[in-house]
Amino acid sequence: MMPNPRILLVDDEQAITSNLAAFLKRAGFDVTVAGDGEEALDQVDRTSPALIVLDILMPRMDGRAVLRHLREADTWTPVILLTQVGESTERAMALEEGADDYLNKPFDPHELVARIRAVLRRARPGRPPLTSAQKLVCGKLVMNRPSRRATLGSKELPLTPKAVALLEYMMTHPDELLTRDRLLDSVWGWDYPAGTRTVDTRIAELRRALDDDPDDPRYIETVHGEGYRFVGQVEGTGE
């Protein structure tokens with residue numbers, strides 16, 4: 001990750017941008033602020049940010065319209081969307097349109113900094129993010145996202161739908177510490193009536209299917225007391 005990456009922070013609430021910009025600067029980022037979508041597009045042209053933190057609900061041009069404009073122009077600057085909608089369909093649509101990650105408001109600014117650094121680490125300059133790839137490939141492991149199927153070599157993995165969704169999420173966030181709460185929220189939904197043991201059960205299912213040794217993992221590492229990390233190198237393809 002480059003020293004002092006430039007972050008474009010876009011939100012129409014000045015109370016948020018002033019406090020958050022100061023926090024991001026203390027975390028070691030150069031920060032430019034925009035108050036709406038049209039100003040954001042102008043700042044992208046003028047400042048070439050390393051990453052954009054983009055609120056969805058804004059006047060003049062909302063965040064998803066800004067994102068579509070950027071991706072249709074073949075501009076693949078990493079984007080983290082800020083949303084007040086916790087529904088899985090809204091999140092899925094945002095990722096399909098080319099967002100690299102999303103964060104629900106209200107959020108801990110430390111979590112935003114962690115997400116920014118993670119996205120910058122896995123960003124592929126000039127290329128679409130893993131979140132918009134049709135296939136995710138890690139060695140012999142292939143996740144075909146349109147068909148919702150995972151294969152290991154020539155063998156299709158017999159996974160439950162939630163295990164497929166969990167594997168997909170982890171492969172789009174490689175080398176990133178994913179807490180059980182975050183996985184539960186992202187894969188099952190914030191209002192799902194289950195505890196974090198549900199995540200552990202599906203992780204165990206994935207490990208059995210992948211023949212992955214938790215003591216010497218090729219794919220899924222346990223971070224004791226915190227969560228899990230996908231440790232394999234992931235490539236995305238459009239096919």
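## A tour from the paired strands to a charged patch

Begin by selecting L82, which stands opposite L103 in strand 5, and keep in mind throughout that this is a predicted model. Widen the selection to strand 4 (residues 79–83) and strand 5, and you will have two strands that run parallel and are joined by 4 bridges. Stay with strand 5 (residues 101–104) and look at both of its faces, which are covered, with D101 and L103 buried on one side and Y102 and N104 buried on the other. In a regular strand the side chains alternate between the two faces of the sheet.

Next, select V137, which stands opposite V142 in strand 7. Here strand 6 (residues 135–138) and strand 7 (residues 141–144) run antiparallel, with 4 bridges joining them. An open sheet of 5 strands can then be followed in the order 9-8-7-6-13, with antiparallel pairing. At its edges stand strand 9 (155–156) and strand 13 (235–237), and because each has a single partner strand, one side of each is left without a neighbour in the sheet.

Move on to helix 6 (residues 161–171), which is mostly covered, since 9 of its 11 residues are buried. Among the buried residues to pick out in helix 6 are A163, L166, L167, Y169 and M171, together with the charged residue E168.

Finally, turn to the surface and select D211, D213, D215 and D216, which gather there in a patch of negative charge. D216 is found in the loop between helix 8 (197–210) and strand 11 (220–223), and with a relative accessible area of 59% D216 is exposed.

Key:
Residues are numbered from 1 along each chain as its sequence is written. This is a predicted model: local features need pLDDT of at least 70, side-chain atom pairs count only at pLDDT 80 or more; totals for chains, interfaces and linings use all residues. Side-chain values use heavy atoms; hydrogens and water are left out. Patches are made of residues with over 30% relative accessible area and no salt bridge: like charges are joined within 9 Å, nonpolar side chains (Val, Leu, Ile, Met, Phe, Trp, Tyr) within 5 Å. Accessible areas come from the Shrake-Rupley method with a 1.4 Å probe; for residues, only the protein chains shown count as cover. A salt bridge is a side-chain nitrogen of Lys or Arg within 4 Å of a carboxyl oxygen of Asp or Glu. The place of a charge is taken as NZ of Lys, CZ of Arg, CG of Asp or CD of Glu. Buried means under 20% relative accessible area, exposed over 50%, partly exposed in between (1.4 Å probe, protein chains only). Two strands pair if DSSP finds at least two bridges between them.
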